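Morning, everyone. Please have a look at the structure on the screen, and then I'll walk you through it.

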Amino acid sequence: MIKDRFGNLAYQLAALLLAFGVVSLILISVDASPSETYKNIFKGSFGEMRKFAEVLVAFVPLLLVTAGLLVTFSSGLWNIGVEGQVVLGAIATTWVYRLLLESSLPPAVIIALAILGGMVGGAIWAALAGILKVFGGVNEIFGGLGLNFVSTALTIYLIFGPWKRPGVASMSGTVPFPDEFSLPLLANLRISPWALVIAFVGIVVIYFMLQGTYFGLRLKAVGKNFRAAYLLGIPTWQYAMYSFLICGALAGAAGAVQVAAVYHRLIPSISSGYGYLGLMVAMLINYQALWAVPVALFFAALNIGSIQLPIVMKLDSSLSGVLQGVLVLFVLLAAGVRQKFGRKAQ
Amino acid sequence: MSQETMLIGLAGVLASASPLIFAVIGETLSERAGVINLSMNGTILLAAMGGFAVAYTTDNIVLGFLGGMLIGALVALVVAFASITLQQSQVAVGFVLALTCRDLSYFLGNPYMGLPGPRLQALPIPVLSDIPVIGQLFFRHDVITYISFIAIFLAWLWIFRTRPGLMLQGIGEKPAAAYIRGANVNVMRYVYTIIGGALIGLAGPAFSLATRAGWMGTISGLDGFGWIALSITIFGGWNPVRGALGAYLFAFLQWLGLVLQPVLTQVPSQVLQVAPFPLMILTLLLVNIGNAEWVERTLAAMPESARKIFAKILRAMRTSPPAALGVPFERD
């Protein structure tokens with residue numbers, strides 16, 4: 001067992017080194033110094049408190065999305081529609097805020113209702129993918145993808161249509177909400193401690209749900225062997241729907257935080273691709289909830305740190321995506337090599 | 001709208017569908033062999049950028065197309081190696097490649113943004129192009145669009161009318177049986193995945209050197225076409241002809257969105273651009289719903305005559321993937 005752990009770690013370390021090696025080669029091919037690049041990414045993410053706060057701003061939605069995806073992955077579903085679920089969370093949050101704009105409720109209650117609304121919005125969008133899958137026979141990958149595009153269109157329609165700024169509508173989004181509608185931020189920083197609390201509550205709840213509850217156990221049984229779980233009397237399609245709903249609620253919370261603590265309005269690219277990035281994180285940690293926090297933090301740091309690259313080195317900031325992708329790819333390949341190697345050794 | 005502008009518009013629809021057609025045929029071949037190449041969205045972008053970069057630096061448009069095909073084949077090789085040799089999840093590997101190749105295309109394509117480069121010119125076919133209506137629609141295109149017409153026919157012929165095509169269907173449907181009949185299943189899967197990848201790669205330069213010439217990075221509007229092509233492959237029921245019809249339908253809907261723009265002024269253009277997606281979901285629902293369990297139960301509960309009619313309609317629309325799609329093959 002211990003030897004097994006060690007072997008696994010060795011393979012993953014090798015994958016990590018290979019990934020950085022390949023990305024370094026790509027950098028050299030465009031005449032950029034790899035060490036300089038990595039240094040700039042590091043400085044851009046951990047160099048100052050202000051920048052680290054930005055990393056945390058990206059970390060919150062990423063962790064929430066990853067937590068949700070751990071649930072759908074456990075039940076054997078490929079919820080690519082998670083991106084749209086984030087978007088619908090943001091839309092629903094904006095909608096609740098607009099409804100309560102003139103109300104006399106205390107701001108704290110309004111914020112709580114708005115975030116709750118976001119979770120419901122995400123869950124409803126996930127339920128659509130679930131219904132398409134369970135009752136329509138449409139694979140969740142394609143149903144989810146289609147719904148992602150629809151959600152983007154819906155955002156743009158709202159921003160340019162019914163929710164447009166008085167006067168002229170613009171890509172900069174809807175009218176910002178008043179300050180008291182924002183989750184309280186730390187002094188001089190853009191990060192809200194409440195957002196961090198929401199994210200950590202999300203991952204902790206999911207961790208215990210998957211590790212310690214009968215529900216989690218049955219969910220994993222469905223994911224491991226759908227047919228066997230069905231024969232054993234687990235209501236499989238209900239469990240598939242539950243996992244969509246839970247994941248959608250968490251993704252919706254991610255969208256809600258984007259509105260309530262980051263942008264204070266609805267913007268066209270409100271989800272910033274956190275749904276897709278969350279899928280990468282979930283794959284990289286091999287669906288183990290414990291690793292979600294450090295890996296999501298690492299990925300958030302790469303994203304924020306690479307924002308420096310166009311300014312300092314005239315490199316495109318999409319390098320962070322390349323690095324993340326190559327890393328996940330090599331970890332997957334290493335797992336395959338290890339399994340093949342292990343099987344031969346027996 | 002005059003008849004002339006209508007014809008030009010429809011001819012434009014045929015041309016603008018050609019990249020999608022290559023991608024759909026490529027994916028169809030790959031999936032027929034049992035391998036899902038989910039990397040398509042990233043592959044097309046990387047091949048579009050790479051094809052443009054090669055054509056720009058060498059000033060040779062043919063090399064640009066070959067470069068795009070090579071990129072597609074290489075990405076497909078990674079998919080094949082990971083899924084056939086290492087038996088990793090095709091969906092996971094393909095998805096990671098879809099995102100990685102997309103970002104790589106933006107990263108490496110940065111210096112080529114917005115440069116004026118070579119592009120294919122229209123090549124009207126003498127005599128044929130003078131036929132009224134038909135000439136206008138089919139014979140005043142660029143070379144790559146003609147090739148797309150031929151590719152549809154050849155792919156159909158190969159899959160359904162030749163011996164190797166029969167074997168191809170076999171390795172996707174019943175690999176064990178194909179193996180007993182002497183097919184080297186995994187080698188064939190490698191071959192078809194790589195050929196399919198090259199065709200998917202061809203879609204890239206078909207965009208960047210023909211229908212949407214140039215490389216515009218994130219604002220090129222190419223992001224998403226690979227996912228569409230995947231849906232069309234399903235819509236087409238893994239048949240190149242039906243798949244091509246799906247691609248034409250999609251291109252037609254996009255054109256319709258543009259045409260309707262002045263009429264529906266209150267709807268933002270970005271919304272009309274994505275209008276085909278809900279329709280895609282709907283068609284996927286229609287072709288898949290016959291496979292759902294509750295539909296079968298409902299049908300069984302119907303009176304005889306109604307059941308026959310509904311079952312017929314469902315069967316006509318329904319498509320089913322190759323039985324061994326995504327399942328690794330292992331000799332015992």
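I'll take the interface, then the cavities, then one helix, then the salt bridges.

Housekeeping. This is a predicted model, so to speak: local features need pLDDT of at least 70, side-chain atom pairs count only at pLDDT 80 or more, and totals for chains, interfaces and linings use all residues. Residues are numbered from 1 along each chain as its sequence is written, chains are lettered from A and ligands numbered from 1 in the order in which they are written, and side-chain values use heavy atoms, with hydrogens and water left out.

Interface. The size of an interface is often given as the accessible area lost when the parts come together. Between chain B and chain A, about 3,700 Å² is buried. That is the accessible area (1.4 Å probe) that two parts lose on being put together, summed over both. Carbon and sulfur atoms give 80% of it. On the chain B side, Phe95(B), Phe107(B) and Ile281(B) lose the most area to chain A, together 18% of what that side buries. The contact (heavy atoms within 4.5 Å) takes 40 residues from chain B and 47 residues from chain A. How many salt bridges are there between chain B and chain A? Zero. A salt bridge here is a side-chain nitrogen of Lys or Arg within 4 Å of a carboxyl oxygen of Asp or Glu.

Cavities. The whole structure has three of 30 Å³ or more. A cavity is a set of points, on a 1 Å grid over the protein atoms alone, where a 1.4 Å probe fits but cannot get out; lining residues have an atom within 4 Å of a point. Grid points are joined across faces, edges and corners, and volume is the space filled by probe spheres set on the points.

The largest cavity holds about 70 Å³. Both chains line it, with residues including Phe142(A), Phe149(A), Trp227(B) and Ile281(B). Two or more lining residues each come from helix 6 (140-160) of chain A, and from helix 11 (225-235) and helix 14 (276-288) of chain B. Helices are DSSP runs (H or I, at least four residues), numbered from the N terminus. The lining has nine nonpolar, two polar and no charged residues. Ala, Val, Leu, Ile, Met, Phe, Trp, Tyr, Cys and Pro count as nonpolar, Asp, Glu, Lys and Arg as charged, and the others, Gly among them, as polar.

The second largest is about 50 Å³. Its lining includes Gln90(B), Arg189(B) and Pro328(B). The split is five nonpolar, three polar and one charged.

Back to helix 11 of chain B. In this helix, 11 of the 11 residues are buried, so it is largely enclosed by the rest of the structure. Buried means under 20% relative accessible area, exposed over 50%, partly exposed in between (1.4 Å probe, protein chains only). Just after that helix, Gly237(B) takes a positive phi of about 60°.

Last, salt bridges. There are nine over all chains. Glu48(A) and Lys51(A) meet at 3.2 Å, N to O. Glu48(A) is partly exposed at 37%, while Lys51(A) is buried at 18%. Together with Arg50(A), they are linked in a network. In chain B, Glu304(B) and Arg307(B) pair at 2.9 Å. Both lie in helix 16 (residues 304-317), three residues apart, about one turn of the helix. Glu304(B) is partly exposed at 45%, and so is Arg307(B) at 29%.

Over to you for questions.

Terms used: 1 Å grid on protein atoms, 1.4 Å probe; cavity = no way out; pocket = protein on both sides within 12 Å on 5 of 7 lines; lining within 4 Å.
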